[in-house]
Amino acid sequence: MKVIEIKQQVYQQNDRIASELRAEMKQRGTLLINLMSSPGAGKTTTLVRTLEALRGEMRIGIIEADIDSDVDALTVARAGAQAVQLHTGGMCHLDAFMTREGLKALNPAGLDLIFLENIGNLLCPAEVDTGAARNVMILSVPEGDDKPLKYPQIFRVVDLVLVNKIDALPFFDFDLTVFRQRVSALNPSAQILPYSARTGEGLGAWTDWIRAAAAQWKRA
Amino acid sequence: MHELGILFNVVRTVEDIARQNQVTRIAALVLQVGELSPVVPHYLQACYPAAVDGTLLEGAELKIEVTPGNALCEPCQKVFNLRASRGKCPRCGRSQYEILSGQEFLIKEILAC
Ligand SMILES: Nc1nc2c(ncn2[C@@H]2O[C@H](COP(=O)(O)OP(=O)(O)O)[C@@H](O)[C@H]2O)c(=O)[nH]1
Ligand SMILES: [Mg+2]
Ligand SMILES: [Zn+2]
């Protein structure tokens, strides 16, 4: 019997692959955005609205992993995206290995922007580097303004918090001011954009954010 | 489940290292899991057979060494276990501390046949 010492962090290999993917996407000038949220917060709806808003302006690909069927992939493909479905077999988060598979299947040549629709979950996706250039989360009004207190880690790692379903604000006790305070206590540099994927209110700020991030990513 | 995805990462790393070392059979895998790391040893054990099915680790025993989540109290310099003392220094009752151990999650070693 021989002991082979490894002493390696479990995520070391994942993190190396994530860095390789980021470097590759940087070289291509393709911005990869990791989109995270609870199930039903509005990832797919938001992606469809985003595709409509940026049609003719950016070439967009989508890697769907949220659920293990291709309904979301079909929805976004109908909206004009190049889309692939990852089969995640009951996993709770995406890692860099799965992102790499998704990118291979998608063929990113010529794309300006790729969204990764992560698996609906606020806990585990926050802990794993997918190789994305930007991390964005959606929190929807019905989920409540106390989520930063319950799931602090995801709020710490995101660049942008989208607050969806503001059309429902009159029916819930969601306090945007309190929410902003709670997020900035965890992550002072995170931006917060309230909008409604249903009515389209506030979507312009989100597409402007995408344009700015994509332009910045393309500049060396 | 969270632990399943984590184990897939472990399997890939171990398979790579085994290949580099020309190992073809593995008797045991040893993980070091800190009390403060976001994984539960019991769940790791539960998912393990499914995660290693059909891999080089199939049939290898999983051993988990749990390292204590210890902290140093800044005001009074006492070293204490965070779990057992529920995040408060048992001597002075404050929760201003520096974490000394327990956040690690390592693939420690494999035993090759
Ligand atoms: N009222 C309201 N409902 C929305 C909004 N955005 C999405 N929804 C609804 O929320 C549900 C879940 O949306 P979906 O995009 O599938 O969420 P996902 O699971 O995060 O991809 C659907 O019934 C959507 O129609 C919004 O801005 N306002
Ligand atoms: Mg969806
Ligand atoms: Zn003390």
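This text leads through a metal site and several ring arrangements in a predicted model.

A good place to begin is the magnesium ion (ligand 2), whose protein donors are A:Thr44 through OG1, A:Asp72 through OD and A:Glu117 through OE, lying 2.2 Å from the ion. Along the sequence these donor residues follow the spacing T-x27-D-x44-E. Two of them, A:Thr44 in helix α2 (residues 43-54) of chain A and A:Asp72 in helix α3 of chain A, are 28 residues apart, and this pair links distant parts of the chain. Both A:Thr44 and A:Asp72 are buried.

A:Asp72 deserves a longer look. The helix in which A:Asp72 is found, α3, covers residues 71-78 of chain A. Although A:Asp72 is buried, it has no salt bridge, and the nearest side chain of opposite charge, that of A:Lys43, is 6.7 Å away, whereas a salt bridge would require a side-chain nitrogen of Lys or Arg within 4 Å of a carboxyl oxygen. When neighbours within four places in sequence are left aside, A:Asp72 is in contact with A:Thr44, A:Glu64, A:Asp66, A:Ile67 and A:Glu117; among these contacts are A:Thr44 and A:Glu117, which also serve as donors of the magnesium ion (ligand 2).

From the metal site the reader can turn to the aromatic rings. Over all chains, a search of the whole structure finds five aromatic pairs. One of them is formed by A:Phe174 and A:Phe179, a tilted pair with 5.3 Å from centre to centre and 45 degrees between the planes, and both A:Phe174 and A:Phe179 are buried. In chain B, the rings of B:Phe80 and B:Tyr97 have their centres 6.1 Å apart and their planes at 85 degrees, and because planes over 60 degrees apart count as edge-to-face, the pair is described in that way. This pair links distant parts of the chain, with B:Phe80 in strand β4 (residues 79-81) of chain B and B:Tyr97 in strand β5 (residues 97-101) of chain B, 17 residues apart. B:Phe80 counts as buried because its relative accessibility is 3%, while B:Tyr97, with a relative accessible area of 31%, is partly exposed. Back in chain A, ring pairs join A:Phe115, A:Trp206 and A:Trp209 into a cluster.

Rings also take part in arrangements with charged side chains. The charged end of A:Lys26 sits over the ring of A:Trp217, at 4.4 Å from the ring centre. Another such arrangement brings together residues of chains A and B, for the charged end of B:Arg12 sits over the ring of A:Phe97, 3.4 Å from the centre of that ring.

How values were computed: Residues numbered from 1 in each chain as written. Chains lettered and ligands numbered in written order. Predicted model: local features only at pLDDT ≥ 70, side-chain atom pairs only at ≥ 80, totals over all residues. Heavy atoms only, no water. Helix = DSSP H or I, 4+ residues; strand = E, 2+ residues; numbered from the N terminus. Buried < 20%, exposed > 50% of the residue type's maximum accessible area, 1.4 Å probe, protein only. Lys, Arg positive; Asp, Glu negative; His and termini not counted. Contact = heavy atoms within 4.5 Å. Phe/Tyr/Trp six-rings, centres within 6.5 Å; stacked < 30°, edge-to-face > 60°. Lys NZ or Arg CZ within 6 Å of the ring centre and 35° of its normal. Donors = N, O, S within 2.8 Å, 3.2 Å for Na, K, Ca; no water.
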